[in-house]
Structure formats: C-alpha cells, structure tokens
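Morning, everyone. Let me put the structure up, and then we can go through its aromatic rings and a few side chains.

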Amino acid sequence: WILKATQTFSMALGPFVGGMLAVWIGMRNTFFTAALSFLTLLLFFLLYRDKPLHQPRHSGPADHQFKGRLAGYSDLPTLKVFAGLLFTLTVINRTFAPVVPLIITSYLKDPVQAARMAGLILSLAAFAESFSSWYAGRKVISVSPRQLLLLRFSFGLLICFALTFAKSSSDLLILRLLLAFLAGGTLTITYSLANRVIPSGQRASSFALLSSFAMLGNAVGPLLGGFMASFYLHWVFLGNAFLYIGLFCLVYQTVRE
C-alpha cells in the first residue's frame, strides 16, 4: 500500500509541477527534468541490494503447473469479465491525458496559462481519483461491489456526456473533478471483486494477468484518445460515455451478488 500510494501521489504531482515549471523556466526547458531519471538510477545502485535465494528451481513440475494454470483460466469466466473491465477502465482514464491540453489551448490563447491550467486539471483529477479509490476500498467492505460499479458507471456516463458540452476551462475543471470523485475507484472495486471470485491457488497468476490487461489499457488509451480527437476534440468524452454504457451492461449482465 505504501508503494502504491507513493506511485499515485507522484502521478498526481507530476502534471502540476510540470505546469508550474513551464511558467517559471519555459516549456522547452522543462524537458531537462528528465535528468531526475539519473537520480533514480543512482539511488537504485546505492540503496538496493539483491537477496540471494537458496531455493533450487524445479523446472519440470513448475512448468507443468504454469501450463495447467494457463489452461485453467478458461474455467474462470469471471476472469475474462474482470480483464475486460480493467482494460476498458484504464483506456477511459488514459484518453484524457493527450486531449485535455489540446482543449485548454482552444479556450486559453496564452500557451503558458494554458499549460498551467492543463497541469492543474490533470493533477487535481489524479488526487481526486486517489481519494475516490481510498474511499471505494473502505465502502466495498460493507456495500455490494456490483452496486458500487453500476452507480459509478452511471455517474461516469452522465458526466462524460456533460463534458462534451464544456465551453470553458472552468467547466472542464469542475466536470473532470466530478468524474474523478464520482466515477473513480472502479479499479479498486474491480480488483476487490476479483479477489472474492478467483480461487486462492490461482490468485497470483490471475492478478498478474489482470494487471497485464490494465497495462495494455494504459497503452491503448492515448492512441484511442488521439484518434477520436483528430475528428473533433470533444468526441473523446462522447466515446468515453459509450464505453461507460458498455461497462454498465457488462456488469449488469455478468456480475452477480
């Protein structure tokens, strides 16, 4: 949880710091912050130490068990549902990154001011998403995860439709924050549902597979967002609204209490 919280916090802080640096040192000079990667490499060399493993590797039985787990995935139909949920949810989340700065520049003609506002929107939305995930993790203990998903997909559908009619940067900021607060936390709920359904002996490999689908969504999301934005910028939000409709129907038909 500490590592995940640190990762979420850095993702939320990054766009805000980038927007501020664009104001202070110029947009082109912000690329020099990539030198922080060298600091990461240095900390890794100085602080990390491998711990030797003294367990012999039995390749035969392990390989047979791995092939058996792969074949057993077909016996878990809910795993396919969760994989589709995680993939689509991450696609929706990642479509905003390439589109929000473009929409802001259509509202604000000053590029520095536009960069600052875009960084503010992306950062505040990430903070709101983090809070929503924490809140969802607490509510999923006492409330049906299926009901939480259906409710959040409904909010996401309505807010994405509203985003297609945003006329100013303030409208975009308010609606994007509402989307993060009300429709956020769906990834946490989906993993919680998977944890309840997947047998304990298959959880490690199953969650690894689910994480792969989530990472694939991170790669497809910006491509899909850029493709829809090439026709009309606000079509990204309309496309996300239809994706929320698909998610709602999928959960309503396949996930049971």
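I'll start with the ring pairs, then turn to an arginine, a threonine and a tyrosine.

One caveat: this is a predicted model. So how many aromatic pairs does the structure hold? There are 10. I'll show two.

Take Phe-161 and Phe-242. Their ring centres are 6.3 Å apart. Their planes meet at 75°, so this pair is edge-to-face. The cut-off for that label is over 60 degrees.

Where do these two rings sit? Phe-161 is in helix 6, residues 145-163, and Phe-242 is in helix 10, residues 235-254. The pair therefore ties together parts that are 81 residues apart in sequence.

Now their accessibility. Phe-161 is at 31% relative accessibility, so it counts as partly exposed. Phe-242 is at 52%, so that residue counts as exposed. The line for exposed is drawn at over 50%.

Second pair: Tyr-232 and Trp-235. The centres are 6.5 Å apart, and the planes are at 70°. So this one is edge-to-face too. The pairing limit is within 6.5 Å. Tyr-232 comes out partly exposed, at 44% relative accessibility. Trp-235 is also partly exposed, at 46%.

Both residues belong to one aromatic cluster, formed by Phe-227, Phe-231, Tyr-232 and Trp-235.

Next, a charge over a ring. Which residue lies over the face of Phe-96? That is Arg-176, at 4.2 Å from the ring centre.

On to Thr-190, in helix 8, residues 186-197. Is Thr-190 buried or exposed? Buried: its relative accessibility is 1%. What does its side chain find there? A polar atom of that side chain lies 2.7 Å from the backbone oxygen of Thr-186. Set aside neighbours within four places in sequence, and Thr-190 is in contact with Phe-82, Leu-85, Leu-86, Leu-89 and Leu-149.

Last residue: Tyr-107. You'll find Tyr-107 in helix 4, residues 77-107. Look across to Lys-167. The two are 60 residues apart in sequence, yet 8.0 Å apart in space, C-alpha to C-alpha. Lys-167 is also one of the contacts of Tyr-107 beyond four places in sequence. The others on that list are Ala-166, Ser-168, Ser-169 and His-234.

To recap the rings: Phe-161 with Phe-242 is edge-to-face, and so is Tyr-232 with Trp-235. And Thr-190 is the buried residue to remember from this talk, at 1%.

Terms used: Residues numbered from 1 in each chain as written. Predicted model: local features only at pLDDT ≥ 70, side-chain atom pairs only at ≥ 80, totals over all residues. Heavy atoms only, no water. Phe/Tyr/Trp six-rings, centres within 6.5 Å; stacked < 30°, edge-to-face > 60°. Helix = DSSP H or I, 4+ residues; strand = E, 2+ residues; numbered from the N terminus. Buried < 20%, exposed > 50% of the residue type's maximum accessible area, 1.4 Å probe, protein only. Lys NZ or Arg CZ within 6 Å of the ring centre and 35° of its normal. Polar contact = N/O pair within 3.5 Å; in protein donor to acceptor, adjacent residues only side chain to side chain. Contact = heavy atoms within 4.5 Å.
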